[in-house]
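Student: I keep running into labels like "cavity", "buried" and "salt bridge". Could we go through this one and check what earns each label?

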Amino acid sequence: MRKFHKIFSILTIVGFAFTGCVNDIISDEPGSLDNRNIELRIINYWGNNFFNRDSIYNKNGANFIVDDVQLLFSNFFVGDQTDTVIDYSSFTLTTTKQAYHKIGLITESSVSGSVGYLVGLDSVTNSTSPGNWSDGEVLSNDLIYSGSNIGYNFVTVKGRAFDPNKPNETSPSIPFNWVVATNALVNIQGIQISFSVPIGKQVVLDAYFNIEDLFDDLSPVQIPNIYSDPNDAVDFANAVTLSDNFKNKAFSFD
């Protein structure tokens, strides 16, 4: 284990609020070959209903299908009551196609203090290209990398919108791809919590994701692509809107 220097530097800039304890966090489900024992269960919604990747949604005058939303998690950490923060480095790419995502490994028998993770990467890791990672590792995936001036994609929203100029269209024909990236848009999630870590069982933490809120003030017809390009003022402003929607409205780590 190593001290949590990289994330601590981000915390001093960003800051985050912790919420209350999580109930019923011990799972009887057997672990996989991945020995990480901390899982995040993401429950996806659209408004007041469960999210469905096959549904046609309407927002801001656009009709569209959301094929997937991916989140890149890293640096699961534990902070004790003395403010000593330990970083359990771990990278996870989530998808709406499954609910449970392994995000970290705790080797202590109990935790009393805080836990959290980044949605995104620390600046050093974000500047390390996919070719520097071994095959099969999360960050070796070229599809989640947007080049050296942007780095990896922290939040990716993919889907297809119906063309309003084709009223008889039976399937959506306008692909859209929105990305939150760059060091400036890293998001930190954390909670204050105490729990034991039983041998051979998973600790399950819950998050609630209302995907509809990602689309506030954004239309996939009018804005089919968001790159998070810091050299494009309009594009980066759209990325900031998407990032704010994610961290202030859509995603809640309980």
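Tutor: Sure. The largest cavity has a volume of about 40 Å³. Keep in mind that this is a predicted model.

Student: What makes it a cavity and not a pocket?

Tutor: A 1.4 Å probe fits in a cavity but cannot get out, whereas a pocket is open. By this rule, counting from 30 Å³ up, there are two cavities. The second largest one also has a volume of about 40 Å³.

Student: Which residues line the largest cavity?

Tutor: The lining is made of Ile42, Asn44, Val69, Leu71, Thr94, Thr95, Thr96, Gln98, His101 and Phe209. Strands S3 (38-46) and S6 (62-80) each supply at least two of the lining residues.

Student: How many charged residues does that lining have?

Tutor: It has no charged residues, with four nonpolar and six polar ones. Asp, Glu, Lys and Arg are what count as charged, and none is in this lining.

Student: And what about the second largest cavity, which residues line that?

Tutor: Val119, Val155, Val180, Leu185, Asn187, Ser243, Phe246 and Lys247 do. Helix H3 (residues 233-250) gives the most, with three residues. By class, this lining has five nonpolar, two polar and one charged. Lys counts as charged, and Lys247 is in the lining.

Student: Next topic. What makes the phi of Asn60 worth a remark?

Tutor: Most residues other than glycine have a negative phi. Asn60 is not a glycine, yet its phi is positive, about 55°. You'll find Asn60 in the loop between strand S5 (57-59) and S6.

Student: Why is Asn60 called partly exposed?

Tutor: Its relative accessibility is 43%. Buried means under 20% and exposed means over 50%, with partly exposed in between. So 43% puts Asn60 in the partly exposed group.

Student: Which phi does Thr182 have?

Tutor: A positive one of about 80°, and Thr182 is not a glycine either. Thr182 lies in the loop between strand S11 (174-181) and strand S12 (187-196). Now you try: is Thr182 buried or exposed?

Student: Its relative accessible area is 8%. Buried means under 20%, so Thr182 is buried.

Tutor: Nicely done. On to charged pairs: side chains of opposite charge can pair when their charged atoms come close.

Student: How do you know that Lys102 and Glu39 form a salt bridge?

Tutor: The rule asks for a side-chain nitrogen of Lys or Arg within 4 Å of a carboxyl oxygen of Asp or Glu. Here the closest N and O atoms are 3.5 Å apart, and the pair counts as a salt bridge. The two partners come from distant parts of the chain: Lys102 is in strand S8 (residues 100-104) and Glu39 in strand S3, 63 residues apart.

Student: Why are they both called buried?

Tutor: Lys102 has a relative accessible area of 10%, so it is buried. Glu39 has 11%, so it is buried too.

Student: How many salt bridges are there by this rule?

Tutor: Seven. One of them joins Lys59 and Asp216, with the closest N and O atoms 2.8 Å apart. Lys59 sits in strand S5, and Asp216 in the loop between strand S13 (202-210) and strand S14 (225-226), 157 residues apart. Both Lys59 and Asp216 are buried. Salt bridges also link Lys59, Glu212, Asp216 and Lys249 in a network.

Student: What makes Arg160 and Asp67 a salt bridge?

Tutor: Their closest N and O atoms are 2.8 Å apart, and the cut-off is 4 Å. Arg160 is in strand S10 (residues 153-161) and Asp67 in strand S6, 93 residues apart. Arg160 is partly exposed at 32% relative accessible area, and Asp67 is partly exposed at 24%.

Student: Last one: why is Thr92 called buried?

Tutor: Its relative accessible area is 6%, so Thr92 is buried. Thr92 is in strand S7 (residues 85-93).

Student: What does the side chain of Thr92 reach?

Tutor: The backbone oxygen of Lys102, at 2.6 Å. The cut-off for a polar contact is 3.5 Å, and this pair is within it at 2.6 Å. Leaving out residues up to four places away in sequence, Thr92 touches Arg36, Leu71, Leu72, Phe73, His101, Lys102, Ile103 and Val138.

Definitions and conventions. Residues numbered from 1 in each chain as written. Predicted model: local features only at pLDDT ≥ 70, side-chain atom pairs only at ≥ 80, totals over all residues. Heavy atoms only, no water. 1 Å grid on protein atoms, 1.4 Å probe; cavity = no way out; pocket = protein on both sides within 12 Å on 5 of 7 lines; lining within 4 Å. Points joined across faces, edges and corners; volume = space filled by probe spheres on them. Helix = DSSP H or I, 4+ residues; strand = E, 2+ residues; numbered from the N terminus. Buried < 20%, exposed > 50% of the residue type's maximum accessible area, 1.4 Å probe, protein only. Polar contact = N/O pair within 3.5 Å; in protein donor to acceptor, adjacent residues only side chain to side chain. Contact = heavy atoms within 4.5 Å.
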